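Q: Please take a close look at one small part of this structure for me, down to single residues. After that, carry on to whatever else is worth seeing.

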Amino acid sequence: MAIVTCQDLRLSFGVHPLLEQASMSLEPGERVGLIGRNGSGKSSLLRILAGLERPDSGEIRRQQGLRLAVVAQEPQLAGFDSVFDAVAEGVAQARALRARFEAPGPGDDLDALQTRIELLQGWNWEQRVQEALQRLGLDGAADVRALSGGQQKRVALAQALVANPDVLLLDEPTNHLDLEAIVWLEELLRGFRGSVLVISHDRAFIDAVVTRIIELDRGVLRSYPGNYAAFEQRKARELADEAVAQARADKLLAQEEEWIRRGVEARRTRSVGRVQRLQELRRQRAARREALGSVRLELDRGEASGRVVAELHGVHKAFGDVQVVRDLSAIVLRGDKVGILGPNGAGKTTLLKLLLGELAPDSGRVRQGTRLQVAYFDQMRAALDPDATLADTISPGSDWIDIGGARKHVSAYLGDFLFPPSRARAPVRSLSGGERNRLLLARLFARPANVVVLDEPTNDLDMDTIELLEQLLQEFAGTVFLVSHDRRFLDNVVTSTLAWEGPGSWREYEGGVEDWLAQRQRAAQAATQAATQAAMPPAPAAAVPAQGATGGAPPRRKLSYKEQRELEQLPARIEQLEQQQRGLAERLADPALYRDAPQDVASMRARFDALEAELDAALQRWQELDDAAA
């Protein structure tokens with residue numbers, strides 16, 4: 001039985017309604033992902049479900065006594081001095097009831113108060129707050145105002161969880177969280193006993209967490225069982241079928257319009273019915289809401305940079321006692337697409353500034369390439385003036401912009417990023433978070449560049465725009481530095497990864513996040529195996545047979561014919577495996593693969609790992625046979 005149901009919801013803020021006869025239900029224990037374009041009304045629907053906002057019309061039914069908790073996209077923690085106080089706000093009702101019970105006023109019914117406190121588990125609210133702080137790794141005495149964006153998100157989650165809700169409503173919970181925190185949140189939600197409704201554009205996160213997808217598309221809610229990968233396949237078929245149906249309707253309307261222009265015998269019943277059908281076709285066509293357009297991304301590469309973009313030799317950088325970079329040597333060549341991975345506060349921005357020559361190292365040597373034209377995407381949107389208009393942000397003092405060798409009106413260019421001409425003179429402060437990110441991308445791509453630096457570009461972007469940005473970066477012939485915690489985005493774009501492995505320690509890996517995780521796991525297993533072997537007592541020495549009268553060495557084991565043949569064939573086998581592995585590595589490093597055949601990437605990576613295991617086994621066997629034959 002559904003615990004939350006909404007029927008025929010309608011909500012309007014402009015020409016087109018955000019919700020139009022929208023209906024959905026939420027079952028006990030299920031985890032639902034709510035997806036849709038930026039500005040489609042997802043956050044409004046979340047607030048309606050939580051009872052924080054009312055629709056224009058429609059019906060909402062919630063199970064009696066249902067407890068809901070909301071984690072907003074931008075946590076509102078103003079007014080709290082400490083983390084403990086902020087988290088304790090989640091049990092504010094239980095605290096107030098217990099305070100009334102301990103100091104009753106005139107007319108207070110102690111029996112009724114006691115019953116309500118027990119229902120809310122309010123007698124031990126302090127213990128529940130401490131448990132939530134410990135579970136989320138938070139310091140209760142810390143000052144809320146000094147927390148980073150990721151820490152504030154953790155506080156908001158703790159505030160929601162401490163209330164023991166039956167339904168958890170999350171709006172973009174992975175924004176500002178690092179990779180480790182996102183994995184932690186996935187595990188937390190999978191173990192949550194209640195129901196979850198989450199708005200997110202992180203495809204890997206949704207695939208790992210949800211059991212059902214609900215899409216908000218042109219005011220209507222559609223449900224799809226399974227994860228995001230299953231949704232993509234079914235949605236593609238639906239859009240294709242919709243396009244065919246609309247093309248047929250448009251063809252019929254055109255035929256009827258042509259017929260009526262030729263004149264009508266109005267007295268004939270058949271003609272009257274045909275006119276009525278034409279009027280109905282016109283009404284349906286006017287009421288139709290087309291699928292939203294796509295952002296058209298185009299990046300002016302500018303002139304080619306030198307072959308070497310950045311070269312670091314033994315670089316050290318510290319701020320006081322905090323070591324950010326220690327003994328790092330790396331080289332970045334033209335066309336490389338480098339992902340930078342690390343937790344919040346690890347020093348990713350410092351590493352970027354060292355690579356770009358914006359910051360000098362304490363020791364070591366940094367060499368920048370020649371003819372570098374750098375375009376920088378800042379996750380904090382510091383490049384945007386809230387009082388400037390959209391047009392002035394793109395092309396200050398001019399209505400025209402030169403991009404890719406062509407001249408374009410600034411309104412048309414903004415239209416490529418889904419901003420209608422009527423908003424070209426609107427101030428930046430009127431934009432939502434997703435719209436500001438789109439504007440920042442428009443500003444970034446309006447300038448010629450051969451080095452693109454993107455710091456958390458996917459925050460607040462919808463999935464369609466993220467996928468288009470992936471494609472653009474895959475086709476970009478210049479160099480890309482990408483800081484992101486979106487695993488799918490990184491895997492689809494980067495060819496190598498600089499990963500943080502401890503205070504000041506950075507290491508370069510081939511491939512994206514999945515490759516980094518696989519290589520790190522193999523290294524950890526090898527280290528564990530080596531430590532285990534080192535801890536084992538040495539094997540007892542075998543008794544050495546007495547030498548004969550001739551004084552010769554003890555007899556050696558003679559290889560069998562089969563082992564001798566195996567030893568002779570192993571070098572060729574090892575060389576063959578190495579060639580196959582090199583070929584796969586070259587293909588996996590080619591950005592065209594991720595654009596033209598992304599469905600082959602997973603199988604190729606699995607084959608690469610299998611080849612590595614075969615190669616290790618062959619080398620070990622060759623060593624055993626060679627030692628025996630020595």
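A: Let's start with Arg-371, which has a relative accessible area of 45% and therefore counts as partly exposed, since that label covers values between 20% and 50%. Keep in mind that we are looking at a predicted model. Arg-371 sits in the loop between strand S13 (363-368) and strand S14 (374-377). Its backbone is what catches the eye: phi is near 55 degrees, a positive value in a residue other than glycine.

Now put Arg-218 beside it. Arg-218 has a positive phi of about 55 degrees and is not a glycine. Its place is in the loop between strand S8 (212-217) and strand S9 (220-225). With a relative accessible area of 11%, Arg-218 is buried, because the cut-off for that label is under 20%. As for a charge partner, Arg-218 makes a salt bridge with Asp-217, and their closest N and O atoms are 2.9 Å apart. Both Arg-218 and Asp-217 are buried.

That leads on to charge pairs elsewhere. Side chains of opposite charge can pair when their charged atoms come close. The whole structure holds 21 salt bridges. One of them links Lys-408 and Asp-416, with 2.4 Å between the closest N and O atoms. Lys-408 is partly exposed at 26% relative accessibility, whereas Asp-416, at 7%, is buried. Salt bridges with shared partners tie Arg-98, Glu-102 and Glu-126 into one network. Then there is the pair Glu-59 and Arg-61, whose closest N and O atoms lie 3.0 Å apart. Glu-59 is partly exposed at 40%, and Arg-61 is partly exposed at 41%.

So which charged residue is buried yet has no salt bridge? That's Glu-172: the nearest side chain of opposite charge, Lys-42, is 5.9 Å away, which puts Lys-42 outside the 4 Å limit for a salt bridge. Glu-172 is in the loop between strand S6 (167-171) and helix H7 (179-190). Setting aside neighbours within four places in sequence, Glu-172 touches Gln-73, Lys-153, Ile-199, Ser-200 and His-201.

Next, the empty spaces. The second largest pocket has a volume of about 750 Å³. It is lined by 41 residues, and those closest to its centre are Gly-150, His-176, Leu-177, Asp-178 and Asn-344. Helix H6 (149-161), H7 and helix H11 (348-356) each supply at least two lining residues, with H6 giving the largest share, four residues. By type, this lining splits into 12 nonpolar, 18 polar and 11 charged residues.

As for enclosed space, there is one cavity of 30 Å³ or more, and the largest cavity holds about 40 Å³. Its lining is made of Ala-330, Ile-331, Val-332, Asp-336, Val-338, Ser-496, Leu-498 and Glu-508. Strand S11 (322-333) and strand S19 (496-500) are the elements that give two or more residues to that lining, and S11 gives the most, with three. Five of the cavity's lining residues are nonpolar, one is polar and two are charged.

Stepping back to the whole chain, there are 20 helices and 20 strands. Of its 630 residues, 43% count as buried. Taking contacts between residues at least 6 apart in sequence, 69% join residues at least 24 apart.

Notes: Residues numbered from 1 in each chain as written. Predicted model: local features only at pLDDT ≥ 70, side-chain atom pairs only at ≥ 80, totals over all residues. Heavy atoms only, no water. Buried < 20%, exposed > 50% of the residue type's maximum accessible area, 1.4 Å probe, protein only. Lys, Arg positive; Asp, Glu negative; His and termini not counted. Contact = heavy atoms within 4.5 Å. 1 Å grid on protein atoms, 1.4 Å probe; cavity = no way out; pocket = protein on both sides within 12 Å on 5 of 7 lines; lining within 4 Å. Points joined across faces, edges and corners; volume = space filled by probe spheres on them. Nonpolar A, V, L, I, M, F, W, Y, C, P; charged D, E, K, R; others polar.
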